[in-house]
Structures are given as structure tokens and as C-alpha cells.
Amino acid sequence: MKLINVGFGNIIAGDRVVAIVSPDSAPIKRIIQESKEKGLLIDATCGRRTRAVIITDSDHVILSAIQTETIAGRAEPPREDAAENE
């Protein structure tokens, strides 16, 4: 199982992630609100500004204070050619 650090000591199961999106658009804000009402929202921001929204296959929505690109980079397996160049 691949684990992904989403910031501040919070780790999620990478194989359950469906999407990592920016929280700025209205549809994503609506998804956040709906998941909060259903009790499926997990706030992993530790009081900081939300910079990424992670949607899982179990319909849980996770808020993170780490940029979407950073989380996506942590989710990708290390490239083999990068390891050869070291």
C-alpha cells in the first residue's frame, strides 16, 4: 500500500485517491460542503489555508494545506531513470 504525506504528520492511503484538485472552483466548494453535511469531510489542514482537496473512492473528502502539485509528486512512484542518475 502506498502512503502519501498530506502535511503536518497526516498520511493517507494512496491507492484510495481518485482525484487531487484545487479548492478554488465553485463545484469543488460544493463538494466540500456536501461532504461536511454527510460527515465525510476530513480536515488535515491544522488550521491553515486549504490548498488541495483530495477525493477518495469511499467518497471521503480530505482537505490539505499542501499544494496539489506537491501532493501529486509525492503520490507518483520514483522514476527509474532518476535513480540511475544519482
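Two strands pair if DSSP finds at least two bridges between them. Helices (H or I, at least four residues) and strands (E, at least two) are DSSP runs, numbered from the N terminus.

This is a predicted model, in which local features need pLDDT of at least 70 and side-chain atom pairs count only at pLDDT 80 or more, while totals for chains, interfaces and linings use all residues. Residues are numbered from 1 along each chain as its sequence is written, and side-chain values use heavy atoms, with hydrogens and water left out.

**Stop 1: strand β5**

Select residues 52-56, which form β5. Five of its five residues are buried (under 20% relative accessible area with a 1.4 Å probe, protein chains only; exposed is over 50%, partly exposed in between), so β5 is largely enclosed by the rest of the structure. Ala-52, Ile-54 and Thr-56 point one way from the strand, and Val-53 and Ile-55 point the other way.

**Stop 2: the neighbours of β5**

Add β3 (17-21). It pairs with β5 in the antiparallel sense, over four bridges. Look for Val-21, whose bridge partner in β5 is Val-53.

Now add β6 (61-64). β5 and β6 are also joined by four bridges in the antiparallel sense. Val-53 stands opposite Leu-63, and Ile-55 stands opposite Val-61. Four residues lie between the strands of this hairpin, where Asp-59 takes a positive phi near 70°.

**Stop 3: strand β6 and β4**

Stay on β6 and show its side chains. Val-61 and Leu-63 lie on one side, Ile-62 and Ser-64 on the other, and all four are buried. Next select β4 (41-44). This strand pairs with β6 in the parallel sense over four bridges, and Leu-41 stands opposite Val-61.

**Stop 4: helix α1**

Select residues 26-38. This is α1, with 13 residues and a reach of 18 Å from first C-alpha to last. That is close to the 18 Å expected at 1.5 Å a residue, the expected span being 1.5 Å times one less than the number of residues.

Which residues of α1 are buried? They are Ile-28, Ile-32 and Ser-35. They cover an arc of only 70° around the axis (taken from the directions from the helix axis to the C-beta atoms), which puts them on the same side of α1. An α-helix has 3.6 residues a turn, so residues three or four places apart point the same way.

The buried residues of α1 pack against β3, β4, β5 and β6, with contact meaning heavy atoms within 4.5 Å. Turn to the other side of α1 to find Glu-37 and Lys-38, which are exposed. Finish at Gly-39, just after α1, which takes a positive phi of about 80°.
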